Structures are given as C-alpha cells and as structure tokens.
Amino acid sequence: MTTFVLIPGAGGQAWYWHRLVAELERRGHVAIAVDLPTDDDTAGLAAYADTVVEAAGGHSPVVVVAQSMGGLTAPLVCGRLPVELLVLVNGMVPLPGETGGEWWTVTGQAAAQASHWRAEGLPGDPDDEAVVFFHDVPPDVVAALQQQPFAQSTRPFADAWPLSTWPDVPTRVLVGRDDRLFPAEFQRRLATERLTVTADEMRGGHLLALSRPAELADRLEGYLGPR
C-alpha cells in the first residue's frame, strides 16, 4: 500500500482527482487529494505548500503527484514531508527565482503550443478551453467539471520560486502525448534542460486524471519499487 498525495493544477480542486482517487483506492492505496486556497488573493506558494503538508496528515512515506501548476508547489513540500517519489503530470517545472508568471515566457510555451497546433493541424480555436482541455475527457465528466466552482488567484504566479535547487527526491515527469497546452515535445525539453530527467509519455491530453484515470494509476504503480 502506498499513500499518494495529489496536488491539483490551476483552480486547485481536489475534485479534479476524484476518478484517480477511486482507481487508486480500488487497488488498495491511500489517495489524499488536496484542495488549495486558490480563491484567496493573500495565499501564495508558501500557503499552498502549508495546505499540502496539513492535508498529508502525518502519513509516511508518501508519493507526491502534481498536475500542471501543481509543479510549482510540489517541490516545496519535499523538505517537510517524507516524500519517496515526486511525479509531475503535465507539470510546470520552475527554476530558482523564476515566478510562475515568468515561466510561460521564459520557457517559450506560447510558441511551442502554436507550433504544435500547426504541425498537427488541430481543429478549433486554441483559445477555446473546451478544445484545449476537454477534447479527450468523457462528456459526462466534462459536464460535471463545469458544475464545479473555479477560482484561481494570480498571487502564486507572482511569487519567485524560493528553492535554490530541485529537492533531492527521485522525480519522474509524465507527459500526455496529446496535451494541447503543454505539448509533449515542449515538456520533454523542459524535463531534460531543467531536471536532467527523461520524460515518460502516455496517451491523453492535459487532464489525464479525468480522461484516463486507470492508465494513469497504472503508470503511478509502475513507478513504485518493490514494496
């Protein structure tokens, strides 16, 4: 049995992970999905990290899994929790001193996304959230998602990433090869340049926990060593 601590991306909802939580629990694991204070304009990355640590509730050891923007927070908890593995799922990989707002420009995300859309001949408007995020999510899950409240303060994007180096914790980068926001090639480059890690890939877009929870659970279990 493994305890997974699941950090969501923008919007910060534990609900994002509900399909993966059910899958992991069915396999005998403990899955703790975190609700982040994304509607609080006073809450920066330190507050997000505090929330994750509190949610972990003394479980030991843990595997931390971070979706998208959750990549800014996940490394900050590695010195405060007994983390045996950190997994970024379509995650942002920050550099010391870089803000989340700067990350988009420094990494060249916009150009990478535009190049990907041209190369793949993708249909629809790249500014349309439904086209970018929901193209491979089941319609009933999309409908339920759209009923969830969404709020994301800009405050965490203004915080300089405070660590001087990436934590000394085994780190895996898992990429959705059909991600239309962070294209797979873009993510592979960042994993190599910023973490000296070779990214792994699986089918699916940006919201893998909603679109392919069983396959994502397979990948996470595959990262675990002998228990």
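Author: Let us start with a term: a pocket is an open set of grid points with protein on both sides within 12 Å along at least five of seven lines. The model discussed here is a predicted one.

Reader: Glad to have that. What volume does the second largest pocket have, then?

Author: About 190 Å³. That value is the space filled by probe spheres set on the pocket's grid points. The largest pocket holds about 740 Å³.

Reader: What makes a residue part of the lining, and which residues line the second largest pocket?

Author: A lining residue has an atom within 4 Å of a point of the pocket. Ala112, Ser115, His116, Ala119, Glu120, Arg177, Pro183, Ala184, Glu185, Phe186 and Arg189 line the second largest pocket, so each of them meets that cut-off. Helix 5 and helix 9 (184-195) each supply at least two of the lining residues, and helix 5 gives the most, with 5.

Reader: How do the residues of that lining divide by class?

Author: Into 5 nonpolar, 2 polar and 4 charged. Glu and Arg count as charged, so Glu120, Arg177, Glu185 and Arg189 fall in that class.

Reader: And what of the lining of the largest pocket?

Author: There the classes are 19 nonpolar, 12 polar and 1 charged. Among its 32 lining residues, Ala10, Gly11, Phe133, Phe150 and Leu207 lie nearest the centre. Helix 6 provides the largest share of that lining, 3 residues.

Reader: Back to helix 9: how do you know that its length agrees with what is expected?

Author: Its 12 residues should span 16 Å at 1.5 Å a residue, and the end C-alpha atoms are 16 Å apart, so the two agree.

Reader: Which residues of helix 9 are called buried, and why?

Author: Ala184, Phe186, Gln187, Leu190, Ala191, Arg194 and Leu195. They earn the word because each has under 20% relative accessible area. These residues cover an arc of only 155° around the axis, which puts them on the same side of helix 9. As general background, an α-helix has 3.6 residues a turn, so residues three or four places apart point the same way.

Reader: Which residues are exposed on the other side of helix 9?

Author: Glu185 and Glu193; the label applies because exposed means over 50% relative accessible area.

Reader: What covers the buried residues of helix 9?

Author: The cover includes strand 4 (83-89), helix 4 (100-107), helix 5, strand 5 (171-176) and strand 6 (200-202). Just past the end of helix 9, Thr196 has a positive phi of about 50°.

Methods. Residues are numbered from 1 along each chain as its sequence is written. This is a predicted model: local features need pLDDT of at least 70, side-chain atom pairs count only at pLDDT 80 or more; totals for chains, interfaces and linings use all residues. Side-chain values use heavy atoms; hydrogens and water are left out. On a 1 Å grid over the protein atoms alone, a cavity is a set of points where a 1.4 Å probe fits but cannot get out, and a pocket is an open set with protein on both sides within 12 Å along at least five of seven lines; lining residues have an atom within 4 Å of a point. Helices (H or I, at least four residues) and strands (E, at least two) are DSSP runs, numbered from the N terminus. The expected span of a helix is 1.5 Å times one less than its number of residues. Buried means under 20% relative accessible area, exposed over 50%, partly exposed in between (1.4 Å probe, protein chains only). The arc is that of the directions from the helix axis to the C-beta atoms. Contact means heavy atoms within 4.5 Å.
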